[in-house]
Amino acid sequence: MKAITIADDEWERLDEKDPSRLHANLLVNGVHVHLEAWPVRMDESRGYPVQDYLGPFPEAFHALECIHDVDETYATVTIRGQQYVLVAFPAAE
């Protein structure tokens, strides 16, 4: 496994309409990859841990959960004091 560290100040706001999400651009084996950081909050009030998506498009996070069926919460990173789930997409050519 290769380790990549992206410093807090290297993350940029994804969109003015959605300032909650951050992004960084990577080059992996010659392919541009758009790495997004989606803000989440852990909620254990239901008796089990749940990640609540804090952005304006909860249906996108729900779609991610449907595509990648996991029984547990996603691993998170902390950027500028906020927890995020990382999601990678191939960049448009």
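The following paragraphs describe strand pairing, salt bridges and aromatic contacts in this predicted model. Local features require pLDDT of at least 70 and side-chain atom pairs pLDDT 80 or more, whereas totals for chains, interfaces and linings use all residues. Residues are numbered from 1 along each chain as its sequence is written, and side-chain values use heavy atoms, with hydrogens and water left out.

The description begins with the strands. Helices (H or I, at least four residues) and strands (E, at least two) are DSSP runs, numbered from the N terminus. Strand β1 (residues 12-15) and strand β2 run antiparallel and are joined by three bridges; two strands count as paired if DSSP finds at least two bridges between them. One bridge partnership is that of Arg13 with Leu22 in β2. The connection from β1 to β2 is a hairpin of two residues.

Strand β2 also takes part in a salt bridge. The structure contains two such contacts, each defined as a side-chain nitrogen of Lys or Arg within 4 Å of a carboxyl oxygen of Asp or Glu. In one of them, Arg21 meets Glu36 at 3.1 Å, N to O. Because Arg21 belongs to strand β2 (residues 18-28) and Glu36 to strand β3 (residues 31-43), this pair ties together parts that are 15 residues apart in sequence. Both Arg21 and Glu36 are buried, a class that means under 20% relative accessible area, with exposed over 50% and partly exposed in between (1.4 Å probe, protein chains only).

Strand β3 supplies a residue to another salt bridge, in which the closest N and O atoms of Arg41 and Asp52 are 3.7 Å apart. This pair links Asp52 in strand β4 (residues 50-53) with Arg41 in strand β3, 11 residues apart. Asp52 counts as buried at 16% relative accessibility, while Arg41 is partly exposed at 47%.

Attention now turns to the aromatic rings. Rings of Phe, Tyr and Trp (its six-membered ring) pair if their centres lie within 6.5 Å; planes under 30 degrees apart count as stacked, over 60 as edge-to-face and the rest as tilted. By this rule there are four aromatic pairs. Tyr53 and Phe61 are stacked, with 5.7 Å centre to centre and 5° between the planes. The rings of Phe61 and Tyr74 have centres 6.1 Å apart and planes at 85°, so this pair is edge-to-face. It links distant parts of the chain, with Phe61 in helix α1 (residues 58-67) and Tyr74 in the loop between α1 and β5 (77-79), 13 residues apart. Tyr53 and Phe61 are buried, and Tyr74 is buried as well. Together with Trp38, the residues Tyr53, Phe61 and Tyr74 form one aromatic cluster.
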